[in-house]
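User: I am a first-year student, and I would like to work through this protein step by step. Could you take my questions in turn and explain how each answer is reached?

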Amino acid sequence: MNRLAYRLYRIVSSLNYWAKRRLTPGGWIVFVGLWLTAGMATDTEQSHGYQAFALLLCLGVAAVAVAPFFRAKFSVERLLPKFGSAGKPLRYTVAVRNLSGRAQAGLQVLDGLVDPRPGLAEFVATFRPQRRGRLFRFTAPPDVRRVRALKPQSLATLPPRGEAQVEVELVPLRRGVLHFDAVTVARPDPFGLFRAFLNVKAPGALTILPKRYPLPALALPGSQQYQHGGVALAAAIGESEEFVALRDYRPGDPMRRIHWRSWAKTGRPVVKEFQDEFFVRHALILDTFGESKAPGGKARAASRAPGRGQSEEQESDSPRSARRATSKQVDSAVFEEAVSVAASFACTIDTQESLLDLLFIGPEAFCFTIGRGLGGADQMLELLASVAPAPHQSFAALEQLVVVHAASVSGCICIFLAWDEPRRQLVRQLTQMGVPAMVLIVREAGAAALERRPDDPESWQVLEVGKIEEGLARL
(Lines give C-alpha, C1' and ligand atoms only; values in the text may rest on other atoms or scores of the structure.)
Protein backbone atom coordinates (compact mmCIF):
# COMPACT_ATOMS: atom_id res chain seq x y z
CA MET A 1 0.00 0.00 0.00
CA ASN A 2 2.77 2.43 0.96
CA ARG A 3 4.85 1.59 -2.10
CA LEU A 4 1.83 2.06 -4.38
CA ALA A 5 1.04 5.44 -2.82
CA TYR A 6 4.69 6.46 -3.19
CA ARG A 7 4.78 5.46 -6.86
CA LEU A 8 1.59 7.44 -7.55
CA TYR A 9 3.05 10.41 -5.68
CA ARG A 10 6.22 10.30 -7.77
CA ILE A 11 4.30 9.98 -11.05
CA VAL A 12 1.84 12.78 -10.32
CA SER A 13 4.52 15.16 -9.02
CA SER A 14 6.76 14.45 -12.02
CA LEU A 15 3.94 15.14 -14.50
CA ASN A 16 3.02 18.33 -12.67
CA TYR A 17 6.63 19.56 -12.68
CA TRP A 18 7.09 18.63 -16.36
CA ALA A 19 3.89 20.35 -17.48
CA LYS A 20 4.61 23.59 -15.58
CA ARG A 21 8.02 23.92 -17.20
CA ARG A 22 7.23 22.68 -20.70
CA LEU A 23 3.90 24.36 -21.43
CA THR A 24 3.65 28.07 -22.10
CA PRO A 25 0.46 30.01 -21.17
CA GLY A 26 -0.76 29.39 -24.72
CA GLY A 27 0.07 25.72 -24.35
CA TRP A 28 -2.08 25.50 -21.22
CA ILE A 29 -5.01 27.00 -23.15
CA VAL A 30 -4.62 24.34 -25.83
CA PHE A 31 -4.29 21.58 -23.22
CA VAL A 32 -7.45 22.66 -21.37
CA GLY A 33 -9.27 23.06 -24.70
CA LEU A 34 -8.42 19.48 -25.64
CA TRP A 35 -9.98 18.18 -22.44
CA LEU A 36 -13.11 20.29 -22.91
CA THR A 37 -13.67 19.30 -26.52
CA ALA A 38 -12.69 15.62 -26.12
CA GLY A 39 -16.17 14.69 -24.88
CA MET A 40 -17.92 16.58 -27.65
CA ALA A 41 -15.74 14.95 -30.30
CA THR A 42 -17.40 11.56 -29.76
CA ASP A 43 -20.65 12.69 -31.44
CA THR A 44 -19.75 14.05 -34.86
CA GLU A 45 -23.37 14.30 -36.07
CA GLN A 46 -24.93 16.52 -33.39
CA SER A 47 -21.86 18.53 -32.39
CA HIS A 48 -19.09 20.34 -34.21
CA GLY A 49 -16.79 20.10 -31.21
CA TYR A 50 -14.73 17.45 -32.96
CA GLN A 51 -13.49 20.13 -35.36
CA ALA A 52 -12.09 22.23 -32.53
CA PHE A 53 -10.63 19.08 -30.97
CA ALA A 54 -8.90 18.11 -34.22
CA LEU A 55 -7.50 21.62 -34.66
CA LEU A 56 -6.16 21.81 -31.11
CA LEU A 57 -4.72 18.30 -31.35
CA CYS A 58 -2.86 19.15 -34.55
CA LEU A 59 -1.45 22.31 -32.98
CA GLY A 60 -0.27 20.36 -29.93
CA VAL A 61 1.32 17.56 -31.97
CA ALA A 62 3.09 20.05 -34.26
CA ALA A 63 4.44 22.04 -31.27
CA VAL A 64 5.82 18.90 -29.60
CA ALA A 65 7.25 17.55 -32.89
CA VAL A 66 9.41 20.66 -33.37
CA ALA A 67 11.15 20.27 -29.99
CA PRO A 68 13.78 17.65 -31.01
CA PHE A 69 15.13 19.96 -33.69
CA PHE A 70 16.41 22.48 -31.12
CA ARG A 71 20.12 21.73 -31.18
CA ALA A 72 22.78 24.12 -29.96
CA LYS A 73 25.59 24.24 -27.45
CA PHE A 74 25.77 26.59 -24.49
CA SER A 75 27.82 27.17 -21.37
CA VAL A 76 26.33 28.82 -18.29
CA GLU A 77 27.62 30.47 -15.12
CA ARG A 78 25.41 31.11 -12.12
CA LEU A 79 26.48 34.03 -9.88
CA LEU A 80 24.89 33.33 -6.50
CA PRO A 81 24.96 35.52 -3.38
CA LYS A 82 26.42 34.08 -0.18
CA PHE A 83 23.13 33.95 1.76
CA GLY A 84 19.42 34.36 1.30
CA SER A 85 16.56 34.59 3.80
CA ALA A 86 13.40 32.50 3.94
CA GLY A 87 10.40 34.39 2.62
CA LYS A 88 12.40 37.24 1.11
CA PRO A 89 13.01 37.44 -2.65
CA LEU A 90 16.61 37.43 -3.82
CA ARG A 91 18.08 38.02 -7.25
CA TYR A 92 21.10 36.51 -8.92
CA THR A 93 22.57 36.50 -12.39
CA VAL A 94 22.88 33.67 -14.90
CA ALA A 95 25.34 34.22 -17.77
CA VAL A 96 24.73 32.15 -20.92
CA ARG A 97 27.32 31.82 -23.66
CA ASN A 98 26.53 30.60 -27.18
CA LEU A 99 29.17 28.07 -28.22
CA SER A 100 27.70 27.43 -31.66
CA GLY A 101 28.40 29.27 -34.90
CA ARG A 102 24.77 30.41 -35.38
CA ALA A 103 22.85 33.19 -33.68
CA GLN A 104 20.21 32.00 -31.21
CA ALA A 105 17.06 34.09 -30.72
CA GLY A 106 13.88 33.75 -28.67
CA LEU A 107 15.59 31.84 -25.84
CA GLN A 108 14.43 31.53 -22.26
CA VAL A 109 16.30 30.51 -19.10
CA LEU A 110 14.85 28.24 -16.40
CA ASP A 111 16.98 27.43 -13.38
CA GLY A 112 16.58 24.05 -11.71
CA LEU A 113 17.09 22.59 -8.22
CA VAL A 114 18.10 19.11 -7.18
CA ASP A 115 15.01 16.90 -6.72
CA PRO A 116 13.76 17.69 -3.18
CA ARG A 117 11.16 14.91 -3.00
CA PRO A 118 11.40 12.55 -0.02
CA GLY A 119 12.52 8.97 -0.23
CA LEU A 120 10.24 6.04 0.48
CA ALA A 121 11.04 5.88 4.21
CA GLU A 122 10.42 9.59 4.78
CA PHE A 123 7.29 9.48 2.66
CA VAL A 124 5.86 6.55 4.61
CA ALA A 125 6.63 8.28 7.91
CA THR A 126 4.63 11.35 6.84
CA PHE A 127 2.02 9.97 4.43
CA ARG A 128 0.26 7.21 6.29
CA PRO A 129 -3.35 5.95 6.39
CA GLN A 130 -5.41 6.72 9.49
CA ARG A 131 -8.60 4.85 10.20
CA ARG A 132 -11.53 7.16 10.92
CA GLY A 133 -14.54 5.03 11.71
CA ARG A 134 -15.13 2.79 8.70
CA LEU A 135 -13.09 4.93 6.31
CA PHE A 136 -9.40 5.36 5.69
CA ARG A 137 -8.02 8.85 5.34
CA PHE A 138 -4.54 9.80 4.32
CA THR A 139 -2.48 12.64 5.67
CA ALA A 140 -1.20 15.03 3.02
CA PRO A 141 2.24 14.29 1.58
CA PRO A 142 5.02 16.57 2.82
CA ASP A 143 5.35 19.96 1.15
CA VAL A 144 8.75 19.60 -0.52
CA ARG A 145 8.76 22.96 -2.23
CA ARG A 146 11.90 24.84 -1.29
CA VAL A 147 11.24 27.85 -3.54
CA ARG A 148 8.32 29.52 -5.22
CA ALA A 149 7.98 28.33 -8.82
CA LEU A 150 10.79 29.79 -10.91
CA LYS A 151 9.48 31.70 -13.90
CA PRO A 152 11.18 31.50 -17.31
CA GLN A 153 13.33 34.54 -18.02
CA SER A 154 13.68 35.80 -21.60
CA LEU A 155 17.23 36.00 -22.91
CA ALA A 156 18.53 38.50 -25.42
CA THR A 157 19.58 37.25 -28.85
CA LEU A 158 22.91 35.47 -28.64
CA PRO A 159 25.28 36.11 -31.56
CA PRO A 160 27.74 33.36 -32.54
CA ARG A 161 30.20 32.87 -29.65
CA GLY A 162 28.37 35.66 -27.84
CA GLU A 163 27.24 35.95 -24.23
CA ALA A 164 24.22 37.46 -22.49
CA GLN A 165 23.09 37.71 -18.89
CA VAL A 166 19.67 37.38 -17.34
CA GLU A 167 18.52 38.18 -13.80
CA VAL A 168 16.62 35.44 -12.00
CA GLU A 169 14.39 36.14 -9.00
CA LEU A 170 14.13 33.43 -6.37
CA VAL A 171 11.77 33.35 -3.37
CA PRO A 172 12.94 30.72 -0.85
CA LEU A 173 10.11 29.20 1.17
CA ARG A 174 12.19 27.39 3.78
CA ARG A 175 15.56 27.69 5.45
CA GLY A 176 18.39 25.29 4.65
CA VAL A 177 20.78 24.74 1.79
CA LEU A 178 19.44 25.02 -1.75
CA HIS A 179 21.28 22.70 -4.14
CA PHE A 180 21.16 23.70 -7.79
CA ASP A 181 21.48 21.09 -10.48
CA ALA A 182 21.32 22.46 -14.02
CA VAL A 183 20.31 25.54 -15.97
CA THR A 184 17.79 24.89 -18.73
CA VAL A 185 17.99 26.90 -21.94
CA ALA A 186 14.56 26.74 -23.57
CA ARG A 187 13.08 27.84 -26.86
CA PRO A 188 9.30 27.87 -27.53
CA ASP A 189 8.02 26.38 -30.77
CA PRO A 190 6.84 28.71 -33.59
CA PHE A 191 3.27 28.58 -32.20
CA GLY A 192 4.46 29.51 -28.70
CA LEU A 193 2.88 26.46 -27.05
CA PHE A 194 5.66 24.06 -26.06
CA ARG A 195 9.26 24.65 -24.93
CA ALA A 196 12.19 22.66 -26.23
CA PHE A 197 14.90 22.13 -23.61
CA LEU A 198 18.67 21.95 -23.46
CA ASN A 199 20.00 21.22 -19.97
CA VAL A 200 23.45 22.51 -19.05
CA LYS A 201 24.96 21.13 -15.85
CA ALA A 202 25.78 23.90 -13.38
CA PRO A 203 25.89 22.58 -9.79
CA GLY A 204 25.78 25.14 -7.00
CA ALA A 205 24.55 25.74 -3.47
CA LEU A 206 23.01 28.63 -1.58
CA THR A 207 22.38 28.83 2.18
CA ILE A 208 18.94 30.14 3.11
CA LEU A 209 18.89 31.70 6.58
CA PRO A 210 15.84 31.39 8.86
CA LYS A 211 13.07 33.92 8.81
CA ARG A 212 13.52 36.71 11.36
CA TYR A 213 11.00 38.79 13.26
CA PRO A 214 11.48 42.32 14.65
CA LEU A 215 11.90 42.41 18.41
CA PRO A 216 11.12 45.29 20.75
CA ALA A 217 13.75 46.79 23.03
CA LEU A 218 14.33 44.03 25.56
CA ALA A 219 15.73 44.06 29.06
CA LEU A 220 17.24 40.58 29.04
CA PRO A 221 17.55 38.77 32.36
CA GLY A 222 20.88 38.77 34.20
CA SER A 223 23.75 41.16 34.79
CA GLN A 224 27.52 41.24 34.43
CA GLN A 225 29.26 38.22 35.85
CA TYR A 226 32.85 37.16 36.44
CA GLN A 227 34.01 34.98 33.56
CA HIS A 228 36.82 32.70 34.60
CA GLY A 229 39.27 32.61 31.71
CA GLY A 230 37.63 35.58 29.96
CA VAL A 231 36.82 35.50 26.27
CA ALA A 232 39.67 33.12 25.54
CA LEU A 233 38.03 30.39 27.60
CA ALA A 234 34.73 30.96 25.84
CA ALA A 235 36.38 30.13 22.52
CA ALA A 236 38.62 27.25 23.51
CA ILE A 237 39.64 25.05 26.39
CA GLY A 238 42.30 26.62 28.58
CA GLU A 239 42.79 29.12 31.37
CA SER A 240 43.61 32.76 30.78
CA GLU A 241 42.51 36.23 31.83
CA GLU A 242 42.45 39.58 30.10
CA PHE A 243 46.06 40.73 29.40
CA VAL A 244 46.84 44.17 30.88
CA ALA A 245 50.59 44.90 30.76
CA LEU A 246 54.11 43.70 31.52
CA ARG A 247 55.76 44.26 34.91
CA ASP A 248 58.82 43.20 36.87
CA TYR A 249 58.87 39.81 38.47
CA ARG A 250 57.79 39.54 42.11
CA PRO A 251 58.46 36.60 44.40
CA GLY A 252 55.57 34.19 44.16
CA ASP A 253 54.63 34.91 40.54
CA PRO A 254 54.04 31.67 38.59
CA MET A 255 56.76 30.72 36.14
CA ARG A 256 54.22 30.23 33.32
CA ARG A 257 53.58 34.00 33.28
CA ILE A 258 57.18 34.98 32.59
CA HIS A 259 57.62 36.89 29.33
CA TRP A 260 60.87 35.41 28.10
CA ARG A 261 61.48 37.84 25.26
CA SER A 262 61.33 40.86 27.56
CA TRP A 263 63.62 39.11 30.05
CA ALA A 264 66.12 38.53 27.27
CA LYS A 265 66.02 42.22 26.23
CA THR A 266 66.09 43.84 29.70
CA GLY A 267 68.23 41.31 31.55
CA ARG A 268 65.75 41.03 34.42
CA PRO A 269 62.69 38.78 34.79
CA VAL A 270 59.46 40.23 33.44
CA VAL A 271 56.00 38.73 33.81
CA LYS A 272 52.65 39.26 32.12
CA GLU A 273 49.95 40.86 34.24
CA PHE A 274 46.27 39.97 33.82
CA GLN A 275 42.99 41.09 35.31
CA ASP A 276 39.69 39.35 35.82
CA GLU A 277 36.94 39.95 33.29
CA PHE A 278 33.31 40.76 33.99
CA PHE A 279 30.77 40.87 31.18
CA VAL A 280 27.25 39.74 30.29
CA ARG A 281 26.82 36.30 28.80
CA HIS A 282 23.44 34.92 27.76
CA ALA A 283 22.42 31.42 26.75
CA LEU A 284 19.94 30.94 23.89
CA ILE A 285 18.37 27.51 24.43
CA LEU A 286 16.59 25.95 21.44
CA ASP A 287 14.28 23.00 22.05
CA THR A 288 14.58 20.35 19.32
CA PHE A 289 12.34 17.76 20.96
CA GLY A 290 8.69 16.90 20.50
CA GLU A 291 6.08 15.91 23.03
CA SER A 292 5.93 12.26 23.98
CA LYS A 293 3.17 10.51 22.07
CA ALA A 294 1.55 7.16 22.30
CA PRO A 295 1.66 4.69 19.40
CA GLY A 296 -1.81 5.89 18.33
CA GLY A 297 -0.34 9.31 17.60
CA LYS A 298 -2.11 11.37 20.31
CA ALA A 299 -0.33 13.09 23.16
CA ARG A 300 -0.49 11.02 26.31
CA ALA A 301 -1.69 13.88 28.47
CA ALA A 302 -4.51 14.66 26.03
CA SER A 303 -5.56 11.12 25.19
CA ARG A 304 -5.94 9.79 28.72
CA ALA A 305 -7.92 11.23 31.55
CA PRO A 306 -6.25 11.17 34.97
CA GLY A 307 -7.05 8.16 37.07
CA ARG A 308 -9.12 8.26 40.27
CA GLY A 309 -7.19 9.95 43.07
CA GLN A 310 -4.36 10.94 40.71
CA SER A 311 -3.67 14.35 39.19
CA GLU A 312 -3.24 14.90 35.47
CA GLU A 313 0.41 15.78 35.94
CA GLN A 314 1.09 12.65 37.96
CA GLU A 315 -0.67 10.49 35.38
CA SER A 316 1.36 11.89 32.49
CA ASP A 317 4.62 11.47 34.40
CA SER A 318 4.00 8.01 35.85
CA PRO A 319 6.48 5.24 34.94
CA ARG A 320 3.74 3.30 33.17
CA SER A 321 2.89 6.31 31.01
CA ALA A 322 6.56 6.91 30.29
CA ARG A 323 7.02 3.33 29.16
CA ARG A 324 4.02 3.52 26.83
CA ALA A 325 5.11 6.82 25.27
CA THR A 326 7.19 5.18 22.59
CA SER A 327 7.76 7.97 20.12
CA LYS A 328 8.26 11.71 19.89
CA GLN A 329 6.98 13.79 17.04
CA VAL A 330 7.94 17.34 16.19
CA ASP A 331 5.45 19.51 14.34
CA SER A 332 7.41 20.98 11.43
CA ALA A 333 5.57 24.33 11.43
CA VAL A 334 6.10 24.80 15.17
CA PHE A 335 9.77 23.86 14.94
CA GLU A 336 10.41 26.21 12.01
CA GLU A 337 8.86 29.08 13.93
CA ALA A 338 10.97 28.23 16.98
CA VAL A 339 14.11 28.41 14.84
CA SER A 340 12.92 31.76 13.46
CA VAL A 341 12.45 33.11 16.99
CA ALA A 342 15.97 31.97 17.92
CA ALA A 343 17.34 33.64 14.77
CA SER A 344 15.51 36.86 15.69
CA PHE A 345 17.24 36.96 19.09
CA ALA A 346 20.60 36.15 17.50
CA CYS A 347 20.26 39.20 15.23
CA THR A 348 18.92 41.55 17.89
CA ILE A 349 21.11 40.96 20.93
CA ASP A 350 24.09 43.32 21.00
CA THR A 351 27.20 41.12 21.20
CA GLN A 352 29.84 43.84 21.00
CA GLU A 353 30.28 43.84 24.78
CA SER A 354 28.62 40.51 25.61
CA LEU A 355 28.57 36.87 24.63
CA LEU A 356 25.67 34.80 23.32
CA ASP A 357 25.74 31.00 23.50
CA LEU A 358 23.41 28.91 21.34
CA LEU A 359 22.62 25.57 23.00
CA PHE A 360 20.70 22.76 21.32
CA ILE A 361 20.79 19.01 20.78
CA GLY A 362 21.22 17.58 17.29
CA PRO A 363 23.17 14.44 16.45
CA GLU A 364 25.31 15.64 19.37
CA ALA A 365 25.25 18.47 21.91
CA PHE A 366 26.05 21.88 20.40
CA CYS A 367 27.25 25.05 22.11
CA PHE A 368 28.12 27.88 19.71
CA THR A 369 29.32 31.24 21.03
CA ILE A 370 29.39 34.64 19.35
CA GLY A 371 30.34 38.12 20.54
CA ARG A 372 33.45 40.09 21.58
CA GLY A 373 35.42 38.98 18.55
CA LEU A 374 34.54 35.26 18.72
CA GLY A 375 32.08 35.37 15.82
CA GLY A 376 29.14 37.24 14.36
CA ALA A 377 25.41 36.78 14.04
CA ASP A 378 25.84 35.57 10.44
CA GLN A 379 27.69 32.50 11.67
CA MET A 380 24.98 31.67 14.19
CA LEU A 381 22.28 32.16 11.54
CA GLU A 382 24.17 29.83 9.22
CA LEU A 383 24.16 27.20 11.95
CA LEU A 384 20.44 27.73 12.59
CA ALA A 385 19.80 27.28 8.87
CA SER A 386 20.78 23.62 9.16
CA VAL A 387 19.47 22.67 12.61
CA ALA A 388 16.97 19.79 12.55
CA PRO A 389 14.62 18.19 15.10
CA ALA A 390 16.00 15.45 17.33
CA PRO A 391 12.92 13.28 17.99
CA HIS A 392 14.98 10.24 18.97
CA GLN A 393 17.12 12.06 21.54
CA SER A 394 16.21 12.54 25.19
CA PHE A 395 15.34 15.92 26.67
CA ALA A 396 17.66 14.99 29.53
CA ALA A 397 20.59 15.58 27.16
CA LEU A 398 19.57 19.23 26.75
CA GLU A 399 18.97 19.55 30.48
CA GLN A 400 22.45 18.25 31.23
CA LEU A 401 24.04 20.59 28.68
CA VAL A 402 22.24 23.64 30.08
CA VAL A 403 22.91 22.86 33.74
CA VAL A 404 26.64 22.36 33.13
CA HIS A 405 26.78 25.61 31.15
CA ALA A 406 24.58 27.66 33.51
CA ALA A 407 27.36 28.51 35.95
CA SER A 408 29.00 30.85 33.42
CA VAL A 409 25.94 32.69 32.07
CA SER A 410 24.08 35.76 33.29
CA GLY A 411 20.67 34.64 32.03
CA CYS A 412 18.88 32.23 29.70
CA ILE A 413 16.41 32.64 26.85
CA CYS A 414 14.52 29.35 26.57
CA ILE A 415 12.60 28.63 23.36
CA PHE A 416 10.48 25.53 23.99
CA LEU A 417 8.17 23.48 21.76
CA ALA A 418 6.04 22.38 24.73
CA TRP A 419 5.54 23.18 28.38
CA ASP A 420 5.57 19.94 30.31
CA GLU A 421 7.17 18.72 33.52
CA PRO A 422 10.72 18.10 32.15
CA ARG A 423 10.86 21.66 30.81
CA ARG A 424 9.43 23.08 34.03
CA GLN A 425 12.05 21.13 35.96
CA LEU A 426 14.83 22.62 33.82
CA VAL A 427 13.60 26.17 34.48
CA ARG A 428 13.31 25.42 38.21
CA GLN A 429 16.92 24.21 38.27
CA LEU A 430 18.06 27.42 36.59
CA THR A 431 16.12 29.48 39.14
CA GLN A 432 17.66 27.55 42.03
CA MET A 433 21.12 28.23 40.57
CA GLY A 434 20.36 31.95 40.51
CA VAL A 435 20.13 32.13 36.70
CA PRO A 436 17.05 34.10 35.53
CA ALA A 437 15.25 32.70 32.50
CA MET A 438 12.95 34.09 29.83
CA VAL A 439 10.64 31.30 28.64
CA LEU A 440 9.03 31.39 25.19
CA ILE A 441 6.72 28.52 24.25
CA VAL A 442 5.94 28.07 20.54
CA ARG A 443 2.67 26.24 19.92
CA GLU A 444 0.54 25.32 16.92
CA ALA A 445 -2.38 27.51 15.96
CA GLY A 446 -5.59 26.70 17.83
CA ALA A 447 -3.89 24.66 20.55
CA ALA A 448 -5.48 24.55 23.97
CA ALA A 449 -4.47 27.43 26.22
CA LEU A 450 -1.75 26.76 28.78
CA GLU A 451 -2.47 27.49 32.42
CA ARG A 452 0.22 29.46 34.15
CA ARG A 453 1.31 28.11 37.50
CA PRO A 454 2.51 30.20 40.45
CA ASP A 455 6.01 28.74 40.16
CA ASP A 456 6.34 29.58 36.45
CA PRO A 457 8.86 32.34 35.67
CA GLU A 458 7.71 35.93 35.29
CA SER A 459 9.15 36.20 31.76
CA TRP A 460 6.77 33.59 30.32
CA GLN A 461 5.14 34.00 26.93
CA VAL A 462 3.21 31.70 24.59
CA LEU A 463 3.82 32.26 20.87
CA GLU A 464 1.20 30.85 18.50
CA VAL A 465 2.09 29.84 14.95
CA GLY A 466 0.72 32.50 12.62
CA LYS A 467 0.90 35.16 15.36
CA ILE A 468 4.57 34.97 16.26
CA GLU A 469 5.30 38.61 15.48
CA GLU A 470 2.36 39.76 17.60
CA GLY A 471 3.53 37.60 20.51
CA LEU A 472 7.10 38.88 20.32
CA ALA A 473 5.83 42.48 20.31
CA ARG A 474 4.34 41.84 23.77
CA LEU A 475 7.71 40.94 25.33
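User: Leaving aside neighbours within four places in sequence, which residues is serine 85 in contact with, and which of its side-chain partners is joined to it by a polar contact of 3.0 Å?

Analyst: In this predicted model, serine 85 belongs to strand 2, which covers residues 83–85. Once its neighbours within four places in sequence are set aside, serine 85 is in contact with Pro172, Ile208, Leu209 and Arg212. Within this group, the polar contact of 3.0 Å runs from the side chain of serine 85 to that of arginine 212.

User: Is serine 85 buried or exposed?

Analyst: The limit to keep in mind is that a residue counts as buried when its relative accessible area is under 20%. Serine 85 has a relative accessibility of 15%, and therefore it counts as buried.

User: In the open sheet of three strands, which strands stand at the edges?

Analyst: The three strands of this open sheet follow the order 1-3-8, and their pairing is antiparallel. Strand 1 (74–79) and strand 8 (163–170) each have a single partner strand, so one side of each is left without a neighbour in the sheet. From one strand to the next, the twist averages 25 degrees. The strands at the edges are thus strand 1 and strand 8.

User: How many bridges join strand 3 to strand 8, and which residue in strand 8 is the bridge partner of threonine 93?

Analyst: Strand 3, made of residues 90–98, runs antiparallel to strand 8, and the two are joined by eight bridges. For threonine 93, the bridge partner in strand 8 is glutamate 167.

User: Which element gives the most residues to the largest nonpolar core?

Analyst: As a general background, nonpolar side chains tend to be buried together in soluble globular proteins. The largest nonpolar core here has 35 residues, and those with the most contacts inside it are Phe74, Val94, Val96, Leu155 and Leu170. Several elements give two or more residues to this core, including helix 2 (25–38), helix 3 (49–66) and strand 9 (176–188). The element that gives the most, with five residues, is strand 10.

User: With which strand does strand 9 form a hairpin, and which residue in the turn has a positive phi?

Analyst: Strand 9 pairs with strand 10 in the antiparallel sense over 12 bridges, and one of the bridge partnerships links threonine 184 with asparagine 199 in strand 10. Strand 9 also pairs with strand 4 (residues 108–113), again in the antiparallel sense, over five bridges. The hairpin, however, is formed by strand 9 and strand 10, with six residues between them. In its turn, the residue with a positive phi, of about 70 degrees, is glycine 192.

User: What kind of aromatic pair do tryptophan 28 and phenylalanine 31 form?

Analyst: The structure holds 11 aromatic pairs. Tryptophan 28 and phenylalanine 31 are three residues apart in helix 2, and so they are separated by about one helical turn. Tryptophan 28 is partly exposed, with a relative accessible area of 33%, and phenylalanine 31, at 37% relative accessibility, also counts as partly exposed. Their rings lie 5.9 Å centre to centre with 90 degrees between the planes, and the pair is edge-to-face.

Definitions and conventions. Residues are numbered from 1 along each chain as its sequence is written. This is a predicted model: local features need pLDDT of at least 70, side-chain atom pairs count only at pLDDT 80 or more; totals for chains, interfaces and linings use all residues. Side-chain values use heavy atoms; hydrogens and water are left out. Two strands pair if DSSP finds at least two bridges between them. Helices (H or I, at least four residues) and strands (E, at least two) are DSSP runs, numbered from the N terminus. Axes are lines fitted to C-alpha atoms, for helices over the stretch in contact, and angles run from 0 to 180 degrees between N-to-C directions. Buried means under 20% relative accessible area, exposed over 50%, partly exposed in between (1.4 Å probe, protein chains only). A polar contact is a pair of N or O atoms within 3.5 Å; within protein, one must be able to donate a hydrogen and the other to accept it, and residues adjacent in sequence count only if both atoms are side-chain atoms. Contact means heavy atoms within 4.5 Å. A nonpolar core is a set of buried Ala, Val, Leu, Ile, Met, Phe, Trp, Tyr and Cys residues joined through side-chain atoms within 4.5 Å. Rings of Phe, Tyr and Trp (its six-membered ring) pair if their centres lie within 6.5 Å; planes under 30 degrees apart count as stacked, over 60 as edge-to-face and the rest as tilted.
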